[in-house]
Amino acid sequence: MMQYPAYIPEKRKGFSLDPRTKLLFMVLIATLMFVVYNNMPYICVLAGLPFLLLIVNGQKKTAVIYGSLFVLAVIANYIKDIATLPQLLNGIVVLLIALVLRLFPTFMMGYYIIKSTKADEFVSSMERWHVSKKVLIPIAVVFRFVPTMQEESQSITEAMRMRGIQFGTKKFWKSPGTILEYRLIPLLISVVKIGDELSAAALTRGLGNSVKRTNIAQIGFSKNDAIVLIISIFLLLWAFALGVMS
Amino acid sequence: MEKTNKLNSKDLINIGIYTAMYLVVFFVVGMMNAVPILYPISLFFVPIVTGIPFMLFATKVKKSGMVFIMALILGLFWFALGYTWTPLVSYIVAGILAEIFFKVAKFQNFKLIVMGYCVFSWGAIGCCMPMWVMTDTYMAHIEEEMGSQYVTQLMQYMPWWMGIAGLGIIFIGGLIGAALGKKMLKKHFKRAGIA
């Protein structure tokens, strides 16, 4: 009898991380942002890491947008004492700077996680963490559906444009509520239909099976994860040193 | 399909679909958050619009646990998007409360389901909470720099009771949203045969 070689998925190119590493790193960054809030170099380093990850992963445009906004906030933070603004305006500026400085690093990291993780890698790594199937399947479906909804929404937008239902037309200003109804309802209906088909397809492929499933996604602790681990230890030590000094 | 109280794969996929809808709608409406002044307004509008997918979801909920899992996933998503741990906590609490309402309603009593939806929407307050939770540390920091008078002024614009007012705003928005969702169910989804 002829033997067929087992299918081996291609090695992922570039700087790929285990999904678990990404999640833990995310938690670390979010926690450190919360603890170390007044040391500017430290915050810049924390923001720089997700920026680099985004660049390496190929989301250059998003990375540049986020990065330049962050740099603007940093510059604004240094020069905000030069000019005396009215109190109210000053308050808004200070709050905006704080929000950007505080939340952007984690936003960038979150964006990186969602863009760089494939659903199968995510599911198999979470299975190794013994996350319940009841949470995993819905999350995997969400992953699958958000891009679908974008596509559907695009085609509905085009269809509705033919009828003059879009922002800014006369029809729109007469009854702004219609834009909501005419855009949202078809979207929901088509997504429900797609979802029914998806669940039928998934069930025939054995999703409802009680036997443990296998997975070919290649995950595990690699060289890249080790680099992230070293960076994390370094960040922790630095934060600790800052805490001792102040 | 056999009638058990356990969640089967079809239920789980349904949860995923409706969570995705909820998230996308939430995102589109939540875009207004880009301007901080609009925060209270978006708190009002988000539950109104998300009422449509949620009431559609409510017609599919026949087993306990579904609402809670949805809330948990939403919380995890906001967490992964970098809103820190506050939405995770708020969504878990809101999910448990909403689950109780759905359970008492036996997944049928419409008034109780509406209450459940309003409570569920409270979870969204966690997305704004970093502002208040973190301003504590932030305020201490700028007090050194700019003096306490400035801090008290800033607190006037972003007071902590905005959080409680936010809960009220969300609740009212939720009531309107549920009514809107019900109307849409009657007008469109029943006719299309999916509710």
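Are D18(A) and R20(A) buried or exposed? In this predicted model, both D18(A) and R20(A) are buried. The two residues are also joined by a salt bridge. The closest N and O atoms of D18(A) and R20(A) lie 3.0 Å apart.

The search for such pairs covered the whole structure. Over all chains, 4 salt bridges were found. The pair D18(A) and R20(A) is one of them. Two others are described here in turn.

One salt bridge joins the side chains of K187(B) and E181(A), with an N to O distance of 2.6 Å. This pair crosses between chains. K187(B) belongs to helix α8 of chain B, residues 162-192. E181(A) belongs to helix α8 of chain A, residues 176-204. How do the two partners stand in terms of accessibility? K187(B) has a relative accessible area of 36% and is therefore partly exposed. E181(A) has a relative accessibility of 14%, so E181(A) counts as buried.

A further salt bridge lies within chain B. The side chains of K63(B) and D11(B) meet at 2.8 Å, N to O. The pair links distant parts of the chain, with the two positions 52 residues apart in sequence. K63(B) sits in the loop between α2 (39-60) and α3 of chain B. D11(B) sits in helix α1 of chain B, residues 9-30. K63(B) and D11(B) are both buried.

Chain A was then examined by domain. Domain 1 of chain A comprises 19-117 + 220-245, and domain 2 comprises 122-204. Contact between the domains involves 6 residues of domain 1 and 6 residues of domain 2. The size of an interface is often given as the accessible area lost when the parts come together. Between domain 1 and domain 2 of chain A, the buried area is about 580 Å². Carbon and sulfur atoms give 79% of that area. Helix α1 of chain A, residues 19-35, gives the most to the side of domain 1 that touches domain 2, with 4 residues. By class, this side of domain 1 has 4 nonpolar, 1 polar and 1 charged residues.

Which polar links cross between the two domains? The rule finds 0 salt bridges across the interface of domain 1 and domain 2 of chain A. The count of residue pairs in polar contact is likewise 0, with both residues required to be at pLDDT 80 or more.

Two single residues complete the description. I55(A) is located in helix α2 of chain A, residues 40-57. The relative accessibility of I55(A) is 28%, so I55(A) counts as partly exposed. Leaving aside residues up to four places away in sequence, I55(A) touches K60(A) and A63(A). I55(A) and Y112(A) are 57 residues apart in sequence. Their C-alpha atoms are 9.5 Å apart in space.

In chain B, W85(B) was considered. W85(B) lies in the loop between α3 (66-80) and α4 (86-104) of chain B. With a relative accessible area of 42%, W85(B) is partly exposed. W85(B) and K106(B) are 21 residues apart along the chain. A distance of 32 Å separates the C-alpha atoms of W85(B) and K106(B).

Technical notes:
Residues are numbered from 1 along each chain as its sequence is written. Chains are lettered from A and ligands numbered from 1 in the order in which they are written. This is a predicted model: local features need pLDDT of at least 70, side-chain atom pairs count only at pLDDT 80 or more; totals for chains, interfaces and linings use all residues. Side-chain values use heavy atoms; hydrogens and water are left out. Domain bounds come from an automatic or database domain assignment. Contact means heavy atoms within 4.5 Å. Buried area is the accessible area (1.4 Å probe) that two parts lose on being put together, summed over both. A polar contact is a pair of N or O atoms within 3.5 Å; within protein, one must be able to donate a hydrogen and the other to accept it, and residues adjacent in sequence count only if both atoms are side-chain atoms. Ala, Val, Leu, Ile, Met, Phe, Trp, Tyr, Cys and Pro count as nonpolar, Asp, Glu, Lys and Arg as charged, and the others, Gly among them, as polar. Buried means under 20% relative accessible area, exposed over 50%, partly exposed in between (1.4 Å probe, protein chains only).
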